[in-house]
Amino acid sequence: MLNDGNLQTLTEYLQKTLSPDPAVRRPAEKFLESVEGTQNYSILLLTVLEKSQNEVIRVCAAVTFKNYIKRNWRVVEDEPNKISDPDRTAIKANIVNLMLSSPEQIQKQLSDAISIIGREDFPQKWPDLLTEMVTRFQSGDFHIINGILRTAHSLFKRYRHEFKSNELWSEIKLVLDTFAQPLTELFKATIDLCQTHATDINALKVLFSSLTLISKLFYSLNFQDLPEFFEDNMETWMTNFHNLLTLDNKLLQTDDEEEAGLLELLKSQICDNAALYAQKYDEEFQPYLPRFVTAIWNLLVTTGQEVKYDLLVSNAIQFLASVCERPHYKHLFEDQNVLTSICEKVIVPNMEFRSADEEAFEDNSEEYIIRDLEGSDIDTRRRAACDLVRGLCKFFEGPVTGIFSGYVSSMLTEYAKNPGVNWKHKDAAIYLVTSLASKAQTQKHGITQANELVNLSEFFVNHILVDLKSPNVNEFPVLKADAIKYVMTFRSQLPKEQLLETVPLLVAHLQAESIVQHTYAAHALERLFTMRGANNTTLITPSEMAPFTEQLLNNLFKSLAIPGSSENEYIMKAIMRSFSLLQEAIVPYIPTLIGQLTHKLLLVSKNPSKPHFNHYLFESLCLSIRITCKANPDTVNSFEEALFPVFTEILQNDVQEFVPYVFQVMSLLLEIHTSSIPSSYMALFPHLLQPVLWERTGNIPPLVRLLQAYLEKGAATIASAAADKIPGLLGVFQKLIASKANDHQGFYLLNSIVEHMPPDSITQYRKQIFILLFQRLQSSKTTKFVKSFLVFINLYCVKYGAIALQEIFDSIQPKMFGMVVEKIIIPEVQKVSGQVEKKICAVGITKILTEYTLQTFLFNFFFSEDDSIPDDEHFIDIEDTPGYQTAFSQLAFAGKKEHDPIGDAVSNPKILLAQSLHKLSTACPGRVPSMLSTSLPAEALQYLQGYLQAATVQLV
């Protein structure tokens with residue numbers, strides 16, 4: 001309800017969410033989460049945002065609103081709609097106006113919210129959005145115009161990475177029809193205004209912001225294909241882009257060496273636009289290309305080394321890189337003097353390690369690592385220069401390698417003269433060699449294709465090994481990091497003996513004080529441990545690691561104590577990978593290490609901030625448990641003693657990020673138990689059935705698995721000591737079965753109930769279970785549901801017999817069993833996939849056959865398989881969609897073995913079929929063979945004959 005009291009309450013809670021004290025902040029966040037489903041919540045937020053006198057609260061309301069929209073705007077099938085329709089309408093009616101009248105900081109948040117809504121609703125459910133935006137171009141107020149441009153940019157930038165589709169094309173066409181002409185007019189008018197206000201710095205700042213946004217929109221609208229409108233107006237756009245590239249307005253030059261100014265940002269985007277046209281529309285762009293090459297070349301040779309020019313220089317180099325690898329433009333680079341000039345004036349200067357890089361290496365290591373290691377250094381000069389080398393090598397590998405070999409030699413000579421002073425020369429030489437040698441690479445294998453003119457192994461021995469072997473690991477940390485990165489990059493090219501030689505050296509570097517250096521060492525070891533050798537084993541074996549095992553584990557855990565690396569995801573991933581590689585060799589160390597891992601878990605659970613680190617931490621816990629308990633199952637109790645206090649704290653404090661992990665680890669522990677279910681688990685059982693836990697989609701897969709473990713290990717205990725909880729258990733099944741996204745999880749649970757619960761404990765519920773399944777089958781029949789349903793009824797038949805199955809069907813409705821057989825089982829059974837699932841169906845159907853003969857089954861199930869799925873069905877196979885539920889991250893090392901409920905009782909369903917038919921034929925001599933020969937195709941009879949021979953029986 002919109003009233004002053006509610007507005008005041010909301011303001012107070014927003015204020016608390018800004019508190020640095022988790023005891024104040026967390027409950028406030030929880031409260032807001034609990035009320036966000038109520039009607040008018042979003043309108044209240046927007047009212048606070050609009051009316052509050054406190055600027056900080058306004059910004060907080062804007063951020064909260066954007067995140068609320070991000071979480072809840074998309075309507076997911078089977079999930080409750082978190083935002084009511086009246087609220088949705090009100091938001092869309094007011095948000096554009098509110099965004100345009102807000103200060104820039106709030107405008108950015110609301111602009112993002114509009115683009116999130118637009119992604120779902122535009123154009124079908126928000127047809128007037130574009131028109132509303134375009135009309136504001138006429139306002140002449142650039143605060144409003146820039147708000148519109150910013151929103152359009154966040155709305156259209158997805159066109160840069162969307163897959164082509166008719167839906168996308170029609171949306172882009174609609175946008176172009178409405179937007180392209182006004183945008184072009186605005187572009188021309190803004191450029192004219194820049195000349196009118198050439199001496200007014202404040203006006204220029206606003207106008208150049210507009211030009212940059214217009215240039216970004218140009219990129220998005222031209223990315224998928226060259227629109228006819230822009231082809232017709234290429235002269236206007238390209239002439240103006242070229243003029244802006246060569247423009248140098250002294251007023252817009254900044255003194256700041258770090259932050260790129262408006263002029264640099266605009267020119268960077270124009271370089272991107274020119275590169276897009278040179279790459280994708282080279283024929284149409286050909287008349288304009290030479291002047292862009294000249295302008296961008298001049299830009300490169302006149303721009304300084306300051307950090308503020310990094311984006312501009314890297315985009316300018318990327319433009320040259322995209323031009324030089326197109327056959328069309330090969331002639332521009334053929335002259336040896338041109339190549340020498342590019343190498344000397346563009347590539348070498350931009351490969352130098354600057355003081356700004358050194359500062360980042362020492363003081364902002366996390367940012368440095370992300371840029372350098374994860375390939376997100378797309379905007380760095382070095383990466384762009386490296387791409388240009390790669391591009392030039394496409395047509396001129398020999399001459400370019402020759403030119404650079406000279407540079408590398410002279411750089412290394414300079415270094416040798418005075419290493420203490422000239423170490424940056426060696427750094428540049430290593431980078432040059434790397435960029436020259438790398439032709440193709442993948443995250444998994446490093447460089448997969450190398451320049452044959454570069455001897456990588458020789459360079460390793462002469463220049464890399466010496467830095468790795470240096471007794472002082474803390475001397476020249478940049479060169480040490482370079483050497484480690486070289487090993488990591490060329491791991492697939494270097495011989496195994498050289499890699500083995502580096503392992504103890506890398507282990508030593510884990511102790512380096514430099515965060516970058518010990519992070520690289522951990523990452524390099526982790527990558528080496530994942531390399532495949534012969535026979536699909538690891539290239540480096542546990543026995544080859546034996547001399548270094550203790551040192552490796554010690555140093556990895558010690559490096560987590562180095563300041564700045566307490567939650568270093570690379571180190572934790574290396575710990576996980578080391579456990580996985582070494583297997584039982586880690587058992588002697590686990591009593592010590594489990595304490596350290598548990599302590600670390602307790603610390604990070606207070607404020608989880610590094611999702612990858614946390615994930616690898618839980619994986620490492622799972623590996624410790626699996627490897628130790630494989631050798632000695634009784635140790636499961638000591639793991640529970642160590643972990644349960646922390647797990648209890650996580651569950652009591654509802655640390656959302658960790659709860660699904662805790663359930664997975666608990667499942668793993670419970671599955672290891674060989675005797676009855678421990679009382680500590682039974683005490684938790686009622687809490688696992690609380691509806692609130694099942695509200696979060698991320699909890700569902702691990703909770704279902706945990707309940708399955710409870711049923712497998714403690715069904716009798718549940719039936720005797722917790723029978724009052726069985727309705728709650730079935731309530732969970734009922735909730736899951738109603739959802740298209742989670743119905744398969746409901747069947748996992750139901751199958752475990754049928755398989756493990758004592759029959760008399762669920763007798764009273766059986767009919768209701770079947771009624772629920774039929775209701776869902778009638779209301780919303782999907783292929784996934786039918787497959788799961790067939791497996792369930794066949795499992796039921798295996799467990800209780802075909803007569804019991806027939807009776808329960810016919811008790812719901814007379815002659816229903818026959819209908820189910822005819823309408824569902826016969827036509828659909830061949831869609832069942834999966835070894836265990838097919839075995840369950842084969843055994844179930846065989847049981848039905850011997851009591852309720854259905855010849856049609858024989859051909860349909862035993863002799864054919866249909867894996868087709870209706871094209872028009874929105875069929876989500878969750879298991880095959882990694883990352884489908886962002887909140888749930890599957891732990892690879894908590895993996896559950898596929899369970900076969902039939903087990904050894906039936907090893908081969910085909911033999912069982914033959915034996916059952918033999919038994920049936922002895923009861924009614926002569927009838928079975930004649931019935932089969934008249935109703936089965938010859939091909940099926942042939943198969944059947946083979947089964948009978950294999951079972952050494954015959955029909956009578």
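Helices are taken here as DSSP runs of H or I of at least four residues, numbered from the N terminus. In this predicted model, the loop between helix H6 (104-121) and helix H7 (129-135) holds Pro123. The peptide bond that leads from Phe122 into Pro123 is cis, and its omega lies near 0°. A second backbone feature occurs at Asn40, which is not a glycine yet has a positive phi of about 80°. Asn40 sits in the loop between helix H2 (22-35) and helix H3 (41-51).

Residues 28-101 carry the UniProt feature "domain: Importin N-terminal", taken from an unreviewed entry. In the model this segment is 72% helix and 0% strand. The C-alpha atoms at the two ends of residues 28-101 are 29 Å apart.

Confidence was examined next. The mean pLDDT of the protein is 90, and 94% of its residues reach 70 or more. Helix H27 (residues 549-559) has the highest confidence, at 98, whereas the lowest is found in helix H43 (residues 855-862), with a mean of 44. The pLDDT is below 50 over residues 854-861, a stretch with 33 contacts beyond near neighbours in sequence in the model. Residues 869-887 also have pLDDT below 50, and 24 contacts beyond near neighbours in sequence are present there in the model. Where pLDDT is low, predicted coordinates should not be read in detail.

Several helix pairs were then described by the geometry of their packing. Helix H36 (residues 726-737) and helix H37 (residues 743-756) have axes that come within 7 Å and cross at roughly 150°. Angles over 145 degrees count as roughly antiparallel, and H36 and H37 are therefore roughly antiparallel to each other. Their crossing is left-handed. On the H36 side, the contact involves Leu729, Leu730, Val732, Phe733, Leu736 and Ile737. These residues meet Asp743, Gln745, Gly746, Phe747, Leu749, Leu750 and Ile753 in H37. By class, the contact of H36 with H37 consists of 10 nonpolar, 2 polar and 1 charged residues.

H37 also packs against helix H39 (residues 783-800), at an angle of about 0° and with the axes 10 Å apart. Because of this angle, H37 is roughly parallel to H39. From H37, Asp743, His744, Phe747, Leu750, Asn751, Val754 and Glu755 take part in the contact. Their partners in H39 are Lys784, Phe785, Ser788, Phe789, Val791, Phe792, Leu795, Tyr796, Lys799 and Tyr800. The contact of H37 with H39 comprises 10 nonpolar, 3 polar and 4 charged residues. Asp743, Phe747 and Leu750 of H37 are among the residues that meet H36, and Asp743, Phe747 and Leu750 are also among those that meet H39.

A further pair is formed by helix H40 (residues 802-812) and helix H41 (residues 816-828), whose axes come within 7 Å and cross at roughly 105°. This crossing angle makes H40 roughly perpendicular to H41, as angles of 65 to 115 degrees count as such. Leu805, Gln806, Phe809, Asp810 and Ile812 in H40 are in contact with Met816, Phe817 and Val820 in H41. The residues of the contact of H40 with H41 are 6 nonpolar, 1 polar and 1 charged.

Methods
Residues numbered from 1 in each chain as written. Predicted model: local features only at pLDDT ≥ 70, side-chain atom pairs only at ≥ 80, totals over all residues. Heavy atoms only, no water. Axes fitted to C-alpha atoms, helices over the stretch in contact; angles between N-to-C directions. Parallel < 35°, antiparallel > 145°, perpendicular 65-115°, else oblique. Contact = heavy atoms within 4.5 Å. Nonpolar A, V, L, I, M, F, W, Y, C, P; charged D, E, K, R; others polar. pLDDT = per-residue confidence, 0-100. UniProt positions renumbered as here; feature names shortened; annotations may be inferred. Left-handed = near helix turned anticlockwise from the far one by under 90°.
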